[in-house]
Amino acid sequence: MYEDISRKKRKLTAVLLLVLVLGIAGAAVGWYKFFRDEGIPEWITKDPDMRFKYGSIGAEHEAGIPYWIWYVIPRVFPDKFPGSGGYASLGVLWEEGQEMPIGFTKRVIGFPRVANTCASCHTASYRAKPSDKPTFVLTGPNHTLDLQAFFRLLVDVAKDPRFNPDVLMGEIRLVADLGWLDKLLYRYLIIPITKKRLLEREPQFAWIYRRDFPEWGRGRDDAMNLTKYFMIKEPMDDSIGPTDMPSVWNLQKYKPEKGHFMNLAGDSHDARSVVMDSALGVVGARPKSRTEFLGHVDWFLDYLGQYPAPKYPFPIDPMKAAAGKALFNQACAKCHASERTGTRVPVEEVGTDRERLDTWSKEAAIKANQVVRDFGLERKGLVEEPLIGYVASFLDGIWLRAPYLHNGSVPTLRDLLEPVEKRPTVFFRGYDVYNPVKVGFVTTRQEADQLGLPDEHERAKLREDVQRLGARYDVSQRASGNQGHTFGTDLPEKEKDALVEYLKTL
Amino acid sequence: MSAGPGWRAGWKLVLFLALVAVIYTGVSLVVRFTQDEPVRYDDDEEHFKYGSLGGEREAGFPYWVWKVLPKVCADHLPGGARYPNREYAALGFLYEGERDLPVGVSKRRHLGIDRVFLNCAACHASTVRETPMSVPLVYTGMPAHRLDLMAFERFLFDCAKDARFTPDLIIPAIQEAGGELGLLDQFVVYPMAVHLMRARLVMLDRRFAFMLDKGPEREWGPGRVDTFAFAKALLNFRMDNVPERENIGVVDFPSIWLQEPRKGMHLHWDGNNTSMEERNRSAAFGSGATPPTLDRIAMKRVEQWLLARAPPAYPFSIDRTLAAKGAPIYRKWCSGCHGASGRDFSGQAVGTVVPIAGIRTDRYRLDSYTYELPVNQNLLYAGTDDPTERFSHFRKTNGYANLPLDGIWLRAPYLHNGSVPTLRDLLEPRSRRPARFFRGNDVYDQRKVGFVHTEAEGNGQSYFLFNTADDKDRSLPGNGREGHEGAAYGADLPADDKWALVEYLKTF
């Protein structure tokens, strides 16, 4: 009898032990396949520029897309892209030799995942002529990226019937041998979960599908609406305010103690808040590790604080520029090189399109600050006041920050010196051939012809591509007005040319 | 009436035999369907011509389907009937001796059947005849100047889309051709294989449509291929809104000898890659070999063999005195860009890219390789066991690369797009180069150095009329015969010097 019980006990213990061992083994495999974090490779961490371009900021946890899905999306859904070239056709910048486009990170968290970092929106490209390769300028505004199209792409592919394990695995099978376990995981967990997660974004992105809103086009995003709908999860309202991607070089110029505010409408207190909020936007959720996240923020502040604005790469006429300097001091310096620079100027005074201001509010700022505080992150944060106007901007590297005005409604600096009625009303944004005459990018066929490139082939290609690859911008659409900032528009033509020549030197 | 012990023993025996039968069948099925074994060749050149690179695992056609397809779809391969059992010869494939598969087609036992697909030799081997009556001599490593790859693709796709592409017609055709398929093959394996093959071809047809459906003026003709259109198809680029200036990249197949001394040079016509291994893996996509299917050992063997494999010597007579006269002319005018000789590739600009504004040859091939392509190619071979395999050497260039001239006599027609039929014509300015000529004839033109290109047909075969220009002598996109001309390129040399130079080039 006792013997019997003890035998039973032993049996039970053995079974329990087996279950335990199997459980631990299963948990270990599960952890390994889904949670092990291989961190950031050394070739990225040891080189600051590489880290800026390709370094993970931890966005792979929540906003990441499984690498092999990311890999085959362009192959399975070419029709969802604007042209040939996969992600590159969206204006994503991509260096020769690099596996990932600039601003795209690859990190193994259980399995390789792809996410983004600041550089995807904050690296600029330019070329002197169509056959040149692009020159990439880190921390510059990515004026070629169609971010709205990229956001839509990820929702649209998830909604497409082709987004299913059979089709995706069929394509992945052609490029990689994943092994049986990963194949199973992809088929039964990773693909269905990714689809679900991408579809979850759809309601919050409803506003980027609105037909009554203008397209952002290349080089713009609707930053405060993104914050409103994703961070504080407000219901959709009727506001719209896409603005140019900003340059993020030389952030140390912003001095809150001198009354400087950041972001186009002065809606944020200091660089640290802006970096943190932007990074939170990329990460898309409460950071997995607060310490790691703050480490990234500090690193970016340091890197961007000192990153110099790029020098103008084409010839400058020194005499003309010297004459322009005097004009600048008379006409522009009081806002753009003075105590007033970096401070908010009432919109009535400048007269530019006000819709960007109306996308945000004091209440929204209070809520957003609370969300960030709840993440356990301290910062001065967003300005809890109504927005009164746009910040008088610093003009360092202004040559690469075209198109101009906060909404990018004026293609070149020379156009900005024209009275409103003589500024271009329809043009094409996001083509990166530079126009050194007008200072900005080539945005119309007419401009392409005026540039008079010596080679016939280059001329023809420029003419064709500016419109083919550029995003049409129409100043009559909502939030797109090119009015205001009429300073200097009554100068004689020659003086305007001189002024523009000087601006190249900034 | 109870069952006796004998009865029981009988049952046991039956059960035992049944069990044995089941196990035997199971094991033999497993053995059969998990087999993955190429036909192997001891000789390196045979391996090059018929050896597998692994592509059959993904792209391979069932051997017997390959064999009977020209009969089942006879009207999609009009010339096929002239070559019984060697119908693919009508598309420019070469058959040697009694072999049942042409040069450049390899065979592998995989998934329970023999599967066949192309290897390197399909595009890099061809034939030469001294006279129309001579027996063609096969040379490996030379451009497949007779292969009409576009017609081959079209034949496969048209056949796959035809209602006759069905097991009901294909399997009887196989039996008739001597396939001797067993019941399992007849009713299960081959019907399934036919359906899979059809599905695969229809998928590829959609992806390739942009390069095949450009109308008669854009026919590649024999010996030519739109190399990087395949890369675009592989990446499945959206092609419907690509302008014509970036959508034509048809070039001659290249020769592939002497890779060792080419290491580090700018490879491909526009010099877009400096890594030989990467270039080879890129080309191997054409054999159906993908990162998961590439047979790396077989590939390495071909690669090694090509390092030192030299072109064959010019087999016809050379006027040594005249050639000797050509040597200093070559040294003066050509060697800086094309190398000291046919074996010594030294020279300051050999293997570098000459800007298009300097060389001025047809620019379509250059423009078809857009910046978006190399950056997307960076993803090829990513995520394999060997991280160094990932492509990282492709670059956008702005011209065409200077090539060494080893075996140049076998590399006609000339220029990257094959727009100039002979070496002698190349030394003339555009206005005096033939505006149209015939491609695909392997009879040799010993005088001008190149292939006979003035005959519309020979041996019952009609050749491909290649137009470099329209009626008003405006260059056709991609086919222009201009460039590589002017004083610097020897165009102003006296005729005697040009003849001497051409004679000398025969020795390369």
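Helices here are DSSP runs of H or I with at least four residues, and strands are runs of E with at least two, both numbered from the N terminus. The model shown in every view is predicted.

**View 1. Helix 10 of chain A and the glycine that follows.** Helix 10 of chain A covers residues 271-283. At 1.5 Å a residue, these 13 residues should span 18 Å. The end C-alpha atoms lie 18 Å apart, so the helix agrees with that expectation. Most of the helix is covered, with eleven of its 13 residues buried. The run from Ala271(A) through Arg272(A), Ser273(A), Val274(A) and Val275(A) is buried. Met276(A), Asp277(A), Ser278(A), Ala279(A), Leu280(A) and Val283(A) are buried too. The cover over these residues includes helix 4 (60-63) and helix 9 (223-231) of chain A. Helix 11 (290-306) and helix 16 (362-374) of chain A also contribute to it. Gly284(A) comes just after helix 10 of chain A and takes a positive phi of about 75 degrees.

**View 2. The largest nonpolar core, with 123 residues.** Trp68(A), Val72(A), Ala279(A), Val442(A) and Leu503(A) touch the most other members of this core. Helix 5 of chain A, residues 67-76, gives the most to the core, with eight residues. Ala279(A) is also one of the buried residues of helix 10 of chain A. Beyond its neighbours up to four places away in sequence, Trp68(A) touches Ile172(A), Ala176(A) and Tyr186(A). A second core, separate from this one, has 118 residues. Its members include Leu91(B), Ala229(B), Val420(B) and Tyr504(B).

**View 3. A three-stranded open sheet in chain A.** The strand order is 1-3-2, with antiparallel pairing. Strand 1 (65-66) and strand 2 of chain A stand at the edges. Each has a single partner strand, so one side of each lacks a neighbour in the sheet. Strands 1 and 3 of chain A pair in the antiparallel sense over two bridges. Here Ile65(A) has Val114(A), in strand 3 of chain A, as its bridge partner. Strands of a sheet pair through backbone hydrogen bonds.

**View 4. The hairpin of strands 2 and 3 in chain A.** Strand 2 (residues 104-109) and strand 3 (residues 111-116) of chain A run antiparallel. Six bridges join them. At one of the bridges, Val108(A) is partnered by Pro112(A) of strand 3 of chain A. One residue lies between the two strands. Gly110(A), in the turn, has a positive phi of about 80 degrees.

**View 5. Helix 5 of chain B and its cover.** Helix 5 of chain B takes in residues 149-161. Its 13 residues should span 18 Å at 1.5 Å a residue, and the end C-alpha atoms, 18 Å apart, agree. Buried residues of this helix are Leu149(B), Met150(B), Ala151(B), Phe155(B), Leu156(B), Cys159(B) and Ala160(B). What covers them includes helix 4 (63-72) and helix 7 (183-212) of chain B. Strand 7 (224-226) of chain B is included as well.

**View 6. Pro413(B) in its loop.** Pro413(B) sits in the loop between strand 10 (399-401) and helix 16 (423-426) of chain B. Is this loop residue buried or exposed? Pro413(B) is buried, because 26 other C-beta atoms lie within 10 Å, and 20 or more are enough to count as buried. Leaving aside neighbours within four places in sequence, Pro413(B) contacts Gly418(B), Ser419(B), Val420(B) and Pro421(B). Further contacts of Pro413(B) are Asp252(B), Arg439(B) and Gly450(B). Val420(B) is also a member of the second core. The C-alpha atoms of Pro413(B) and Leu423(B) are 8.1 Å apart, with the two residues ten apart along the chain.

**View 7. Each chain as a whole.** Chain A has 20 helices and 13 strands. Its radius of gyration is 26 Å, which agrees with the value near 23 Å for a compact globule of 506 residues. The C-alpha atoms of chain A fill a box of roughly 110 × 55 × 45 Å along the principal axes. Buried residues make up 45% of chain A. Chain B has 17 helices and 16 strands. For its 508 residues the globule rule gives 23 Å, and the radius of gyration of chain B is close to that at 26 Å. The C-alpha trace of chain B spans about 115 × 50 × 50 Å along its principal axes. In chain B, 51% of residues count as buried. Among contacts between residues at least 6 apart in sequence, 73% in chain A join residues at least 24 apart. The corresponding share in chain B is 72%.

Key. Residues are numbered from 1 along each chain as its sequence is written. Chains are lettered from A and ligands numbered from 1 in the order in which they are written. This is a predicted model: local features need pLDDT of at least 70, side-chain atom pairs count only at pLDDT 80 or more; totals for chains, interfaces and linings use all residues. Two strands pair if DSSP finds at least two bridges between them. The radius of gyration is taken over C-alpha atoms; the globule rule is 2.2 Å times the number of residues to the power 0.38. A residue is buried if 20 or more other C-beta atoms lie within 10 Å of its own, exposed if 12 or fewer, and partly exposed in between; C-beta atoms are placed from the backbone. Two residues are in contact if their C-beta atoms, placed from the backbone, lie within 7 Å. The expected span of a helix is 1.5 Å times one less than its number of residues. A nonpolar core is a set of buried Ala, Val, Leu, Ile, Met, Phe, Trp, Tyr and Cys residues joined through C-beta atoms within 7 Å.
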